[in-house]
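Let's take a friendly walk through this structure together. Please keep the sequence and the 3D view open as you read.

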Amino acid sequence: MPNYTDEAGEFAVAFPIAPKLETATESTQMGPFVRHTAMASVNADHTFAVSWGDLGAEGTPLNIDGMLDGAATAEVSSVGATLVSKKTIKLGTVPGREVTARVILEKACTLRSRIFQSGRRQYQLVTIVPTADATTAVDAFFSSFKFTS
C-alpha cells in the first residue's frame with residue numbers, strides 16, 4: 001500500500017492506490033466547514049478516503065460527543081446506507097466513533113467509518129467495499145492511520 005502523508009492535516013495513512021485530493025466547503029450548525037479529502041477509488045465499489053477539517057470558530061465551546069455522533073449519522077445517511085453498528089473508540093487519547101452500515105451500490109457493500117475529534121479538528125476515515133471483502137483491506141487501511149503531530 002502506498003503511504004500518504006498530509007502535513008497540513010497532520011496524519012499519515014496507507015492507501016491501496018495513490019489518492020486523489022479535493023477540497024469542498026460545507027455548511028454545518030457550527031458554521032462553514034472546509035473539508036479536505038484524499039480518496040482512492042480502486043473501482044466502482046472499492047473506495048477508501050480520509051477527510052479532515054476544523055469545525056467552529058476558535059474559542060467556540062465544543063460538544064465532542066455531539067460532534068462525533070452527528071458526523072456518524074451524517075456519514076450513513078449521505079449514501080443512503082442502513083446502520084448496522086456504532087461504537088465509541090479512541091486512537092491514543094483522541095475520542096472517536098466507528099460505524100458499520102450496509103449500502104447497495106453495484107452490489108451489496110459495507111460502509112465502515114472511523115471518525116475522530118481532536119479539539120476542533122475532525123477526521124473521517126471511510127471505506128466502502130463489497131460485503132464479501134469487508135475485513136482485510138479495511139482493517140489494513142484503518143490500522144495504518146496515524147496522527148503525525
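What follows looks at the opening strands, the nonpolar cores and the aromatic rings of this predicted model.

## The opening hairpin

A good place to begin is strand 1, which covers residues 3-6. In a regular strand the side chains alternate between the two faces of the sheet. Strand 1 shows this nicely: Y4 and D6 point to one face and are buried, whereas N3 and T5 point to the other face and are not buried.

The partner of strand 1 is strand 2 (residues 11-14); the two run antiparallel and are joined by four bridges. If you look across from N3, you will find A14 of strand 2 standing opposite. Four residues lie between the strands of this hairpin, and E10 takes a positive phi near 60°.

## Two nonpolar cores

Which residues have the most contacts inside the largest nonpolar core? They are F11, V13, F15, V50, F141 and F145, in a core of 19 residues. Several elements each supply at least two residues of this core: strand 2, strand 4 (31-43), strand 5 (46-54), strand 9 (121-130) and helix 2 (136-144).

Another core lies apart from the largest one. This other core has 13 residues, and L68, V76, V99 and I128 are among them.

## Aromatic pairs and their cluster

Now for the rings: the model has 12 aromatic pairs. A pair of this kind is described by the distance of the centres and the angle of the planes. For Y123 and F147, the ring centres are 5.0 Å apart and the planes stand at 65°; edge-to-face pairs need an angle over 60 degrees, so this pair is edge-to-face. Because Y123 belongs to strand 9 and F147 to strand 10 (residues 146-147), the pair ties together parts that are 24 residues apart in sequence.

F147 also pairs with F145: their centres are 5.3 Å apart and their planes are at 80°, so this pair is edge-to-face. How buried or exposed are these three rings' residues? Y123 has a relative accessible area of 3% and is buried, and F145, at 2%, counts as buried. F147 has a relative accessibility of 24%, so F147 counts as partly exposed, since buried means under 20%.

To see these rings in context, look for one aromatic cluster formed by Y4, F11, F15, F48, F116, Y123, F141, F142, F145 and F147.

Definitions and conventions: Residues are numbered from 1 along each chain as its sequence is written. This is a predicted model: local features need pLDDT of at least 70, side-chain atom pairs count only at pLDDT 80 or more; totals for chains, interfaces and linings use all residues. Side-chain values use heavy atoms; hydrogens and water are left out. Buried means under 20% relative accessible area, exposed over 50%, partly exposed in between (1.4 Å probe, protein chains only). Two strands pair if DSSP finds at least two bridges between them. A nonpolar core is a set of buried Ala, Val, Leu, Ile, Met, Phe, Trp, Tyr and Cys residues joined through side-chain atoms within 4.5 Å. Rings of Phe, Tyr and Trp (its six-membered ring) pair if their centres lie within 6.5 Å; planes under 30 degrees apart count as stacked, over 60 as edge-to-face and the rest as tilted.
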